[in-house]
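Good morning, and thank you for making time for this presentation. Please take a moment with the sequence and the structure before I begin.

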Amino acid sequence: MARLTVWATALAVVLSVAGARLAGAQGPAVDWKKQEAELLKHHRALIQIDSSSPPGNETRAADYLKKVFEAEGIPVQTFALKPARANLVARLKGNGSKRPLLLMAHTDVVGVQKEKWPVDPFGAVLKDGYIWGRGSRDDKDKLASNLMVMLLAKRSGTRLDRDLIFLAESGEEADPEGVGIAYMVNQHFADIDAEFALTEGGGALIENNRVTAVTIQTSEKVPRRFRLVATGTSGHGSVPRLDNPLTHLSAAVAKVGSFTMPMRLTETTRVYFEKLASISTPDKAARYRALLASPSADVQSYLAANEPEHNSMLRTSVVPTLLKAGVGPNVIPSQAEATFDVRALPDEDIPQFFAQMTRVVGDPAVKVEPITTNLRPVSAPSKLDSEMYRALEHASAALYPGAVVMPAMSTGATDMAQLRAKGIQAYGIGPASTQADTINYGAHSDVERLLESSLYRLAEFTWRATMEVAASK
Ligand SMILES: [Zn+2]
């Protein structure tokens with residue numbers, strides 16, 4: 001099994017490189033050195049627009065983009081449910097022989113604690129080879145890189161088989177009013193409808209100064225929630241009662257909290273663990289391969305204890321997060337409740353899952369109540385055998401030779417859920433970074449920064465993949 005996997009990976013690399021050469025023939029050649037100054041200028045300008053959400057004020061970023069596009073003769077449209085939180089769409093027309101490609105990035109950023117920053121968080125300071133600033137990697141790098149791809153496609157006069165749609169969306173980080181992706185999908189879907197989409201959610205790993213792995217987000221877990229509600233008779237704390245809801249709820253929380261849904265691999269996670277095994281230390285690789293062949297209880301409990309993220313990728317997770325009960329130390333309350341956060345595998349049968357929870361609780365005094373808020377829709381994984389996924393593999397082979405390309409399933413939810421729910425094959429990409437940088441200076445960190453060289457390679461990566469699927473042959 002191990003041997004076969006290595007062999008298959010080696011073959012995949014050979015095929016990818018061959019494909020990349022072919023792909024190089026598509027679209028005009030670009031002198032990337034010459035694009036760096038302009039790309040950096042846009043990236044920095046976008047960081048310097050403080051679009052912390054809330055309140056977002058994304059319209060200021062949309063205004064900047066509008067000016068840039070219009071100066072190039074690319075028409076734009078803005079769509080705003082709230083005037084200060086506009087989305088922007090620009091489109092380059094293709095000949096219509098294929099359905100569009102959507103290049104999406106969000107314009108808002110999370111807030112900052114200024115005192116934690118060694119530099120101005122909205123200064124886009126250049127220091128030590130990095131661009132420092134809130135949004136430098138979440139998500140103004142994709143925003144600037146997508147912008148550059150549009151500008152280059154227009155300037156080069158490239159003939160396109162499909163429209164290129166640029167979407168700068170608001171409200172990705174905080175959107176209680178539904179001004180961002182929900183608004184675009186529900187009210188203006190015709191303006192962004194596409195076969196494929198590229199947006200945030202993936203990345204590339206730098207080890208010893210070279211990129212060793214590229215992750216493409218193809219799938220994500222489905223967030224769901226429920227409450228356990230225990231009811232009984234209220235009364236005086238001096239008189240014990242058998243139907244005390246706290247006692248019943250505690251027992252139920254303990255049962256559900258320690259219950260483990262069975263492990264199940266999806267197409268994405270199967271390939272992910274295969275590829276991960278090919279670049280892991282021998283002991284780790286042995287465990288990942290065991291997951292693919294015969295996952296023992298030992299391997300699974302090892303991951304649960306030591307690699308919780310991987311454990312979550314294997315199954316629908318059920319986690320208690322809130323407890324609400326009691327009015328005073330001498331009062332037996334009539335009700336007690338606990339909230340659970342569920343992250344379901346994309347193909348989980350949700351009604352059956354809730355029925356199972358009722359069986360696990362096994363107590364008629366405790367009811368399972370699904371919580372229906374505006375959670376993200378169920379979204380089927382994007383395909384690994386699509387033209388877009390192959391183009392991303394080719395771009396990776398050309399730009400990061402020898403790197404393993406891994407499809408990934410996010411345990412958290414992204415705006416791709418809404419796109420996938422509408423049938424768009426969406427793929428998450430991202431810039432290259434060391435693991436230390438991702439941990440200490442990544443998205444939502446106290447301090448955020450991006451390697452300057454990674455911004456340039458992200459744009460080239462996006463360009464190559466875009467041209468391969470969109471440029472006329
Ligand atoms: Zn983001």
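Helices and strands here are DSSP runs, numbered from the N terminus: a helix has at least four residues, a strand at least two. With that convention, N208 is found in the loop between β8 and β9. I should say at once that this is a predicted model.

Let me stay with that loop. N209 is found in the loop between β8 and β9 as well. Phi of N208 is near 50°, which is a positive value in a residue other than glycine. For N209, also a residue other than glycine, phi is positive and near 70°. Are these residues buried or exposed? N208 counts as exposed, at 76% relative accessibility, and N209 is exposed with a relative accessible area of 79%.

I turn now to the strands on either side. Strand β8 covers residues 203-207 and runs antiparallel to β9, with five bridges joining the two. The hairpin they form has two residues between the strands. The bridge partner of E207 is R210, in β9.

Which strand runs parallel to β9? That is strand β16, residues 404-410, joined to β9 by seven bridges. Within this pairing, S219 stands opposite M409 of β16. Strand β9 spans residues 210-220, and nine of its eleven residues are buried, so the strand is largely enclosed by the rest of the structure.

My next topic is the aromatic residues. The count comes to twelve aromatic pairs. One of them is formed by F69 and F166, an edge-to-face pair at 4.9 Å centre to centre, with 70° between the planes. F69 belongs to helix α3, residues 59-71, and F166 to strand β6, residues 164-169; the pair thus links distant parts of the chain, 97 residues apart. Both F69 and F166 are buried.

A further pair is W132 with Y441. Their ring centres are 5.8 Å apart and their planes stand at 80°, and because planes over 60 degrees apart count as edge-to-face, this pair is edge-to-face. W132 lies in strand β5, residues 130-132, and Y441 in helix α14, residues 435-441, so the pair ties together parts that are 309 residues apart in sequence. W132 is buried, with a relative accessible area of 4%, whereas Y441 is partly exposed, at 24%.

W132 also has a charge over its ring: K127 lies over the face, at 4.7 Å from the ring centre. Similarly, R449 lies over the face of Y130, at 3.6 Å from the ring centre. Elsewhere, F226, F340, F353 and F354 form one aromatic cluster.

Y130 and R449 bring me to the cavities. There are three cavities of 30 Å³ or more. The second largest holds about 40 Å³ of space, and its lining includes Y130, R137, D437 and R449. Two elements, β18 (432-434) and β19 (449-451), give two or more residues to this lining. Which of the elements gives the most? It is β19, with three residues. By class, the lining of the second largest cavity has four nonpolar, two polar and three charged residues.

Finally, I draw attention to two peptide bonds. A cis peptide bond joins S53 and P54, with omega about -5°, and another cis bond joins P54 and P55, with omega about 5°. P54 lies in the loop between α2 (32-47) and α3, and P55 has its place in the loop between α2 and α3 too.

Thank you for your attention.

Definitions and conventions:
Residues numbered from 1 in each chain as written. Predicted model: local features only at pLDDT ≥ 70, side-chain atom pairs only at ≥ 80, totals over all residues. Heavy atoms only, no water. Buried < 20%, exposed > 50% of the residue type's maximum accessible area, 1.4 Å probe, protein only. Pairing = 2+ DSSP bridges. Phe/Tyr/Trp six-rings, centres within 6.5 Å; stacked < 30°, edge-to-face > 60°. Lys NZ or Arg CZ within 6 Å of the ring centre and 35° of its normal. 1 Å grid on protein atoms, 1.4 Å probe; cavity = no way out; pocket = protein on both sides within 12 Å on 5 of 7 lines; lining within 4 Å. Points joined across faces, edges and corners; volume = space filled by probe spheres on them. Nonpolar A, V, L, I, M, F, W, Y, C, P; charged D, E, K, R; others polar.
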